[in-house]
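User: Hey, can you walk me through this one? I'd like the overall picture and then some local details.

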Amino acid sequence: MNNRPNILLITADQWRGDCLGTVGHPVVKTPHLDTFARSATVFEQHYAATAPCSPARASLYTGLYQMNHRVVRNGAPLDHRFDNIARAARRAGYAPALFGYTDMSPDPRRHHPNDPLLQSYEGTLPGFDLRQGLPENDKPWLSWLAGRGRDPRGFDQIHHAEPEDGQRISRKAPSYSRDETQTAFLTNAFLNWLEEQDGESRPWMAHVSFLRPHPPVIVPEPYNTMYDPEDGPEFAGAQSPEEAAALHPLVAALQQSQLLSSHIPGAKGHVRDMSRSDLKRIRSLYYGMISEVDAQLGRIFRAIGEHDDTLIIFTSDHAEMMGDHWMLGKGGFYRQSYHIPLIIRMPGGSKANRVTAYTSSVDIFPTLLDLLDIEPGHAPDGDTLRPFLKGDLPHAWRDSALWEFDFRQLLNKWPHLFQSGTTRHAPALLSRYGADWQYVHIPGAESLLLPSGQPSGPPLNLAASHPQIVQENLAYLLSERMRHNDETLARKMVWDYYS
């Protein structure tokens with residue numbers, strides 16, 4: 001592009017890829033995203049490269065798989081040498097503004113040991129100007145609520161819902177209104193900033209990083225009762241948590257790690273203790289949280305309508321199990337943790353376009369580089385999506401999705417659940433998900449071969465009965481691992497850099 005566009009990257013944390021009206025979800029209502037999609041490209045098979053938040057965002061921002069960026073968990077630092085979307089945008093003349101968070105821990109080698117930045121994983125990705133933060137303690141949002149007349153004495157319980165008679169999971173609304181959510185707070189901050197850009201000569205770039213529909217699972221009226229708990233597809237997986245855990249020790253470890261309090265403030269026990277009825281109630285609130293974000297997105301899309309020269313990207317960092325396989329949250333190997341939305345609207349809009357090819361979060365960084373016609377500071381693992389945005393099919397494209405999950409924290413805490421030799425191997429799984437099969441390679445432990453889209457019922461590991469398919473997938477993953485060796489300096493001779 002000769003005349004560079006405005007750029008708006010929107011992420012909604014922990015949003016499942018199937019939870020959009022425009023892709024055919026039978027229950028969830030997302031009218032503003034559905035309208036947005038009518039002049040955009042919708043990627044229906046888009047996947048996060050890893051989980052949880054910090055590793056997933058590192059892949060999104062750098063275009064690298066976890067095997068290369070090595071952010072293996074929240075709090076693991078991102079090597080300062082890596083390029084990212086904000087740094088690249090600065091080279092193109094933008095001053096990238098951040099609203100929300102990026103969850104990037106800084107490289108400790110560039111800071112004094114006493115630097116407070118090293119006490120948190122909530123650092124800002126290098127290259128961004130933090131216009132409005134939203135840290136885990138919610139302090140900026142709570143100060144905003146106090147300015148609106150809310151009593152600060154109740155802020156320590158602000159996400160607690162009043163009990164509901166006869167129910168373990170309450171669907172009562174919190175004390176704050178639909179106009180006072182964290183989503184509304186960030187939307188207001190972005191819209192105020194957007195007004196400041198009027199009359200500016202250079203294009204702008206902003207990243208709006210919404211917390212929702214990430215836990216805590218609570219949402220104000222009318223979204224808390226917008227969905228009937230009995231409405232929604234059947235949960236995927238086994239008929240009991242015990243049956244689900246029997247598939248693999250990693251599933252048992254995940255069940256052991258998932259506390260209900262991580263999702264419902266003040267709750268006791270494990271997620272695996274929930275009944276189907278409890279999980280349905282949680283899911284109905286999750287659907288409501290999605291509709292709450294969609295309503296705020298509507299405000300943004302209306303404002304951006306006056307800036308028709310804007311490239312808009314809507315996506316998530318990772319997805320959400322939301323009751324499937326008796327789990328909540330993210331992590332592990334199941335597709336539900338990694339299938340995320342991606343909708344891209346080119347400046348001026350375009351004809352609605354649907355892409356069913358497998359795409360990845362590592363494709364966002366090289367796509368922006370391609371659209372802005374700038375060189376990366378490192379060789380990304382992903383590929384540009386620009387051909388899809390023009391309605392074309394690339395000459396060669398991947399036939400499956402790849403994701404990783406580093407489970408060292410589970411292995412360290414519950415080593416007895418794993419084989420004795422597991423500790424001698426890399427504590428990370430590598431999964432290939434295709435049209436027919438999902439293969440999961442887990443070093444030092446039993447690998448898995450699962451039918452793609454396996455319906456409800458006993459989980460089936462077919463690795464032993466299909467050794468040829470296992471070998472084909474293992475060879476594919478080895479080739480992919482070798483193909484993604486760092487090529488930053490390997491593509492040229494030293495004198496080519498000065499010719």
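Analyst: Sure, we can go from the whole chain down to single residues, bearing in mind that this is a predicted model.

User: How many helices and strands does the chain have?

Analyst: The chain has 13 helices and 12 strands. With 499 residues, its radius of gyration is 22 Å, close to the 23 Å from the globule rule, so the chain is as compact as a globular protein of that length. The C-alpha trace spans about 65 × 60 × 55 Å along the principal axes.

User: And how much of the chain is buried?

Analyst: Buried residues come to 57% of the 499. As for the outside, the accessible surface is about 21000 Å², and carbon and sulfur atoms hold 49% of that.

User: What share of the contacts is between residues 24 or more positions apart?

Analyst: That would be 73%, counted among contacts with a separation of 6 or more.

User: Okay, on to helices. Why is helix 10 described as largely enclosed?

Analyst: Helix 10 covers residues 364-372, and eight of its nine residues are buried, so the rest of the structure largely encloses it. The buried ones are I364, F365, P366, T367, L368, L369, L371 and L372.

User: What follows helix 10?

Analyst: D373 does, and its phi is positive, near 55°.

User: Which other residues have a positive phi without being glycine?

Analyst: Q14 is one, with phi near 70°. Q14 sits in the loop between strand 1 (6-12) and helix 1 (31-37). D103 is another, with phi near 55°, and that residue is in the loop between strand 3 (97-100) and strand 4 (129-133).

User: Are those two buried or exposed?

Analyst: Q14 has a relative accessible area of 0%, so it is buried. D103 also counts as buried, because its relative accessibility is 4%, and the cut-off for buried is under 20%.

User: What does the D103 backbone oxygen have close by?

Analyst: A polar atom of the S54 side chain lies 2.7 Å from the backbone oxygen of D103.

User: Tell me about S54 then. Where is it, and what does it touch?

Analyst: S54 belongs to helix 2, residues 53-62. Its relative accessibility is just 1%, so S54 counts as buried. Leaving out residues up to four places away in sequence, S54 touches V71, R73, N74, G75, D103, M104 and Y121. So D103 shows up twice here, because it is in that contact list and its backbone oxygen is 2.7 Å from a polar side-chain atom of S54, while D103 itself counts as buried at 4%.

User: Switching topic: which peptide bonds are cis?

Analyst: The bond from R212 to P213 is cis, with omega near 10°. Another cis bond joins P215 and P216, where omega is about 10°.

User: Where in the fold are P213 and P216?

Analyst: P213 is in the loop between strand 5 (205-210) and helix 7 (241-245). P216 is placed in the loop between strand 5 and helix 7 too.

User: Last one, the surface. Which residues form a nonpolar patch?

Analyst: M493, V494, W495 and Y498 do, and together they have about 560 Å² of accessible area. V494 comes in the segment after helix 13 (467-483).

User: Is V494 buried or exposed?

Analyst: Exposed, because its relative accessibility is 57% and exposed starts over 50%.

Methods:
Residues numbered from 1 in each chain as written. Predicted model: local features only at pLDDT ≥ 70, side-chain atom pairs only at ≥ 80, totals over all residues. Heavy atoms only, no water. Helix = DSSP H or I, 4+ residues; strand = E, 2+ residues; numbered from the N terminus. Buried < 20%, exposed > 50% of the residue type's maximum accessible area, 1.4 Å probe, protein only. Polar contact = N/O pair within 3.5 Å; in protein donor to acceptor, adjacent residues only side chain to side chain. Contact = heavy atoms within 4.5 Å. Patch = residues over 30% accessible without salt bridge, like charges linked within 9 Å, V, L, I, M, F, W, Y side chains within 5 Å. Areas by Shrake-Rupley, 256 points an atom, 1.4 Å probe, with all protein chains shown as cover. Salt bridge = Lys/Arg side-chain N within 4 Å of Asp/Glu carboxyl O. Rg over C-alpha atoms; globule rule 2.2 N^0.38 Å.
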